[in-house]
Amino acid sequence: MRTHTPLEAPPETPLQTLPARAHVTVGRSQPVLDVVVPVYNEEADLERCVRRLHDHLARTFPYAFRITIADNASTDRTPEISAYLDDAIDEVIAVRLEQKGRGRALRTVWSMSQAPVLAYMDVDLSTDLNALLPLVAPLISGHSDLAIGSRLARSSRVVRGPKREFISRAYNLILRGSLAARFSDAQCGFKAIRKDVAERLLPLVEDTGWFFDTEMLVLAERAGLRIHEVPVDWVDDPNSTVHIVKTATEDLKGVWRVGRALATGALPLDRLRRPFGDDPRDRGLSGVPGGLARQLVGFCVVGALSTLVYLLLYSLFRLGTGPQIANALALLLSALGNTAANRRLTFGVRGRDRAMRHQAQGLVVFGIGLALTSGSLAALDAASGTPAHSTELAVLIAANLAATVLRFLLFRAWVFPSESQQNGTATDLALSDLNLTDHDSRNTR
């Protein structure tokens, strides 16, 4: 009997070399799908579940496949049963890891596998296996990058107790509220990923336990990868060995860690952003600036929030000082936050590179806004002497609207120009230098 022990992971593939999505090349003998079953002390259910999964794939899956048992340092008879199944069934291999952790097992086996589509499912097979082909089909066809089973979709049929139902829904609400996740079910043990995507995405995932696939999904979504969701039929396993409180605690720690990394720009997700170059939104149309509609929406949302903050600060400062000083202080503080928010959310600039330069340019834009609003206040004071507070606010709102339009134009064209604008400017400068050089050489002659 043989059990495969991974020696070392293959070298990481450069993150910036993702190819265009395409239909998986199907060979006659090479497995198209590798289904990983991570296990820890599952001697009672392992053989029954693996044989059931193998029988289903042999009957329904149209391509070559493999089932990999990933043993997470089990201390019962799980290694012996895994090795027996490895010998007895051609499409089954067993891998032994000496450290626990579902995430560690998935990372190791997925890194070793040569199959173009990688999946995993829990050993209890709580998910109906009829959802397996719909799960991996979009990955084989090249339509999607990852796929997940969802127990929270409207057409899903789920049987489980109220405690687990509450915990699952509460966890997904936390993900939506804290990490802005849009996928519906992070915890369902039924997921798949393309091999070429896994090679670039997995090096960014730190967790080695139960939070591994949640972190993978959050990073994939933030990077702009396409996640396909499949409604599943799911029956709770009453004998599950998962420690709910411990798992929930580790998950919350993971949410905090990933949220902080995303907020500070510590993750190089720009390397995965629109990695394939086949996004229709990347195709420029003459006369239509790229991303203008999205930038306008983001700028309006940030602007509305900044205006509320500005008015609140102005009213607060106005209690102890004159209108000009209150306006300057409120506009300065709100402008710093506005520049930072627009940098990250509206124009998609991540990381700390040129952050101080952007803030300095934002302060120049702030100075223009200050001139507009201060001039409006001065004109109002000259016209009416002692205007009412409500009149001051009305004039400031009108002046801020004018300043907002100008701010967007300056942000888009000067502070956060697109790559094409930067390249165009660089090209113009280079041509200008060439012309000057040519002119000088002619004068020399």
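These are my notes on salt bridges and nonpolar cores in a predicted model.

**Salt bridges, overall**

I started with the count: the structure holds 18 salt bridges. I then picked out a few pairs to look at one by one.

**Asp213 and Arg102**

I looked up Asp213 and found it bridged to Arg102, with the closest N and O atoms 2.9 Å apart. This one reaches across the chain: Asp213 belongs to helix α7 (residues 212-222), Arg102 to helix α3 (residues 102-112), and 111 residues separate them. Are these two buried or exposed? Both Asp213 and Arg102 turn out to be buried. I also checked whether the pair had company. Arg102 and Asp213 belong to a salt-bridge network that also takes in Asp122 and Lys191.

**Arg169 and Glu165**

Next I went for a local pair. Arg169 and Glu165 form a salt bridge at 2.6 Å, N to O. Helix α5 (residues 162-179) carries both, and they sit four residues apart, about one turn of the helix. I wanted the accessibility too. Arg169 has a relative accessible area of 40%, so I logged it as partly exposed. Glu165 comes out at 22%, which also counts as partly exposed; the cut-off for buried is under 20%.

**Arg257 and Glu206**

I then pulled up Arg257, whose side chain meets that of Glu206 in a salt bridge (3.4 Å, N to O). What does this pair tie together? Arg257 is in helix α8 (residues 244-264) and Glu206 is in the loop between α6 (195-201) and α7, so the bridge joins parts 51 residues apart in sequence. Arg257 is partly exposed at 21% relative accessible area, while Glu206 is exposed at 54%.

**Nonpolar cores**

After the charges I turned to the greasy side. The largest nonpolar core has 42 residues, and Trp110, Leu146, Phe183, Ile193, Leu201, Met216 and Leu219 have the most contacts inside it. At least two residues each come from β3 (92-97), α3, β4 (117-121), β5 (146-150), α5, α6, α7 and α8. Which element gives the largest share? That is α7, with six residues.

I took Phe183 for a closer look. Leaving out residues up to four places away in sequence, I listed what Phe183 touches: Ile148, Leu175, Arg176, Thr214, Leu217, Val218, Glu221, Ile227 and Glu229. There is also a second, separate core of 38 residues, with Val32, Phe65, Val123 and Leu132 among them.

Note on methods
Residues are numbered from 1 along each chain as its sequence is written. This is a predicted model: local features need pLDDT of at least 70, side-chain atom pairs count only at pLDDT 80 or more; totals for chains, interfaces and linings use all residues. Side-chain values use heavy atoms; hydrogens and water are left out. A salt bridge is a side-chain nitrogen of Lys or Arg within 4 Å of a carboxyl oxygen of Asp or Glu. Buried means under 20% relative accessible area, exposed over 50%, partly exposed in between (1.4 Å probe, protein chains only). A nonpolar core is a set of buried Ala, Val, Leu, Ile, Met, Phe, Trp, Tyr and Cys residues joined through side-chain atoms within 4.5 Å. Contact means heavy atoms within 4.5 Å.
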